[in-house]
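Here is a quick walk through a two-chain model, written for someone who likes to know what the coordinates say before doing anything with them. Have the viewer open while you read.

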Amino acid sequence: MIRWLFAVLLTVLALPLAAQDSMPPAPYAYNQLADPRLEAEASALMHTLRCLKCQSQSIADSDAPMAGDMRHQVRARILAGESPEAIRRWLIARYGDYVSYEPEVSSTTWPLFAVPLLVILIVAGVLLRRLGKRRSDGDDAGAAA
Amino acid sequence: MIAEIGLAALWLAAALAVLQLVSGALTLRAGPGQTNPLAIYARPAAVVQAFLAVLAFLLLLRAFAVTDLSLKLVATNSHSMKPFIYKLTGTWGNHEGSMLLWVGVLAASGGMLAAFERRLPERTMAATLAVQGFVALGFYAFLLLSSNPFERLAVPAAEGNGLNPLLQDIGLAIHPPTLYAGYVGLSVAFSLAMGALLTREVNPAFARVMRPWVLGAWVLLTLGITAGSYWAYYELGWGGWWFWDPVENASLMPWLAATALMHSVSVLAARDALRTWTIMLGVLAFSMSMLGTFLVRSGVLTSVHAFAVDPERGAFILGLLGLYIGGALTIFALRAGAVAEGKRFAAASREGALVFNNVMLSAILAIVLLGTLYPLLTEAFDVRVSVGPPYFNPAGAIFAVPMLLVMAVGPLLRWKSDKPARIQFELALIAALVIGVIALVSFFGQFPLLPLLGLGLAAALGVAAFLPLRGRTLARVPVATWGMVIAHFGIAVSLFGMACEGAFSEERLAAVAPGGTEQIGDFAVTLEAVTPIAGPNWTAMEARLAVRQNGGEPVILTPQARSFWSPPQSTSESALLTKWNGQLYAVIGNQAEDGRWQVRVWWKPFVTFIWYGGLLIGLGGILSIVGRMRVDLKRRAASTMGAQRRADVEALGAAAPQPAE
């Protein structure tokens, strides 16, 4: 999967990236939308999208030119009336799951959701075992050793 | 020559670690009444080893201070034109140097333990020192075999490559040393736990020895994380203070484990309960420290912090990690059955609340661990997944919210067994505060759920933190209790800051022509001018922003866009205007073609409380250490006096006839 993903990534990105550094940033890369409600939507979405060229930063936290372009895409699409979820899906279709910080349940990510449920069960089990039983007061039999 | 002395000191220290290990192990093997001739060497070996390892570190520090370009490490990471303070801090701004710092702190804490700790039974001490020597040996081997910091170049370099500009900040002077000292302080807790387990001495006396080490390590971790968070906040230029970056998580995980351990060890010291828990958490805490070191130092992560990439080293640390954690868990599995659970208690008791919170802390730790390691795991199978704030925040909150609620109530409960009805007024007050604040805030606007919950909990915790003082004479409250009160209050303060930042932050991004004004919150920000300036190893465009609050007197902020030339890299130096109720955060970006400048301004209400809270938590920990130490010293003095008096009485009794009674 990763191979075609990279192929897609490269073909989509190679040309614009090569030119990017010398080009001025897209209009909405460093400018907000006029409507505060739409801007809030865009900002919330941008905080959950990964800057693909950076290390562990969202596109809302990055100076990389590519993050600027992605911010422009997000703001422009929000302005055009697209829903944040539709934009996220569009970006995932383009760049893969990696672009979204919000993992969705899928064949590759189910443990991320199964393990917390398991942890809840374990926590409940441990607490019931340690605290659930009515302990008789002053029973120090086990403390002798 | 100086560098060779450093290298020799490291080899000698490694040899002494072997002696310490052998001597400690032989003491253990000797039967009761026997003494092994080698047994006397464990303590001196630890102390001398500490001096040698610290000496090696100081020699490397000197090499960086004078920019000795015949050393490979200096040539690749330093530069003669760098400001002096960053030459010094650059010593640990790289892989080898930071590992040497790690090992130096490890040896120093082992030496302190050997030199000053006289309360433990000699056998337990010997086992502890053996374990400490074994741990140190692994890291000496790592340093000497795969990361020699004193490697020479055949031909000295003409000039160094310089240090990553993001690291050229006073943050590098504070954050890594504090954090490392915390990481490594947990190694002593680990060794003590192993020593007590091996010699079957898991009891309150042991807990009292372990407690200052755990508290100390925890305070350092707290302060290190706080400093790191503030550093990232002002340095990265986008106003974020926590990114759930794997390296941040690597420091958070030991902190979570240490927090649980600290509470557990207090229960063991006070009540002789939770014996196996304490040992288990001792193993877990240091395992998390080593895992953190592995994640950061192996280059397995691709993140802003990982400035070392080398698979061979990664495999080495992973081997050490497996050896120590695996070994510890094996000993634990073999011996845990022999350690009784300790005194029993009811669910509604202070122990009960502490157990609940320890379980919750461990669960949060599990979530952070999963979210940090899972992407690495899938990457090995060629599937790239991102796990970020939208995952960590809600998944962590599932456990953090009940934990914080119990934290508010726990200190009010009595040891062993209590009736909830006894504290019904306090319970009602806490519930009313949570619900009241959430209702009040929701009345004024639409806010995300987690910050809203955070505000409610912060208010309740802030009040609940002081409830244990109710009805007590403040002058007679023990110092350690003040420590707890202040640390818990610090959690509330920090939570308040996080929630406010999450709910009320305002952001303004705009292209501004010189003379133009942007409005954000109560502030009018005018871009007066942008001028080029030069520093010792950078040039920059500096903006003059005049900030007027409600039309008042202007305050000048000067954010810079810096370009470093070695290595070539640009950074944004943010400018901060700190008010009692928040911070104005300003950054200058690039110039557009029409001559306007990108300006980014945030108003972050009460964001500073995040770090004030962190400082309060650290202060609480320090007060606890001081209070406990004073009580321990007093108790020891009293018991020596008592023993003296008994001996005197006995001596009298032997001489004189029995007093009539």
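What follows covers the big chain-level numbers, then the interface, the cores and a couple of hairpins.

Keep in mind that this is a predicted model. Confidence is worth a look before anything else, at least for chain A. That chain averages a pLDDT of 76, with 74% of its residues scoring at least 70. Two stretches of chain A fall short: residues 1-21 stay under 50 in pLDDT, and the model gives them 12 contacts beyond four places in sequence. Residues 134-145 of chain A are also below 50, with 15 contacts in the model beyond near neighbours in sequence.

**Chain by chain**

Here are some like-for-like numbers for the two chains.

| Chain | Helices | Strands | Buried residues | Contacts (6 or more apart) that join residues 24 or more apart |
|---|---|---|---|---|
| A | 5 helices | 0 strands | 28% of 145 residues | 57% of contacts |
| B | 17 helices | 10 strands | 52% of 661 residues | 75% of contacts |

Chain A simply runs α-α-α-α-α from its N terminus. For chain B, with its 17 helices and 10 strands, the radius of gyration is 28 Å, and the globule rule gives 26 Å for 661 residues; the two are close, so chain B is as compact as a globular protein of that length. If you're thinking about box dimensions, the C-alpha trace of chain B spans about 105 × 75 × 55 Å along its principal axes.

**Where the chains meet**

How many residues of chain B are in contact with chain A? The count is 50 residues on the chain B side, against 44 residues of chain A. Three elements of chain B each give two or more residues to that side: the helices α12 (350-380) and α13 (389-409), plus the strand β1 (506-512). The largest share comes from α12(B), which supplies 10 residues. Sorted by class, the chain B side has 28 nonpolar, 13 polar and 9 charged residues.

**Nonpolar cores**

The largest nonpolar core has 186 residues. Those with the most contacts inside it are B:A189, B:V214, B:A257, B:A258 and B:L461. Zoom in on B:L461 and, neighbours within four places in sequence aside, you'll find it in contact with B:L404, B:M407, B:A408, B:H488, B:I491, B:A492 and B:L495. A second core, separate from that one, has 26 residues, including B:V525, B:A540, B:A586 and B:V587.

**Two hairpins in chain B**

One of the residues in that second core, B:A586, turns up again in strand pairing: B:A586 in β9(B) is the bridge partner of B:A575. The strands involved are β8 (residues 575-579) and β9 (residues 582-591) of chain B, which pair in the antiparallel sense over 5 bridges. Together β8(B) and β9(B) make a hairpin with 2 residues between them.

The other hairpin is built from β4 (residues 538-549) and β5 (residues 554-557) of chain B, antiparallel strands joined by 4 bridges. Within this pairing, B:R548 stands opposite B:P554 in β5(B). Which residue of this hairpin takes a positive phi? That is B:N550, with a phi near 50°, in a hairpin that has 4 residues between the strands.

Note on methods. Residues are numbered from 1 along each chain as its sequence is written. Chains are lettered from A and ligands numbered from 1 in the order in which they are written. This is a predicted model: local features need pLDDT of at least 70, side-chain atom pairs count only at pLDDT 80 or more; totals for chains, interfaces and linings use all residues. The radius of gyration is taken over C-alpha atoms; the globule rule is 2.2 Å times the number of residues to the power 0.38. A residue is buried if 20 or more other C-beta atoms lie within 10 Å of its own, exposed if 12 or fewer, and partly exposed in between; C-beta atoms are placed from the backbone. Two residues are in contact if their C-beta atoms, placed from the backbone, lie within 7 Å. Two strands pair if DSSP finds at least two bridges between them. Ala, Val, Leu, Ile, Met, Phe, Trp, Tyr, Cys and Pro count as nonpolar, Asp, Glu, Lys and Arg as charged, and the others, Gly among them, as polar. pLDDT is the predictor's confidence in each residue, from 0 to 100. A nonpolar core is a set of buried Ala, Val, Leu, Ile, Met, Phe, Trp, Tyr and Cys residues joined through C-beta atoms within 7 Å.
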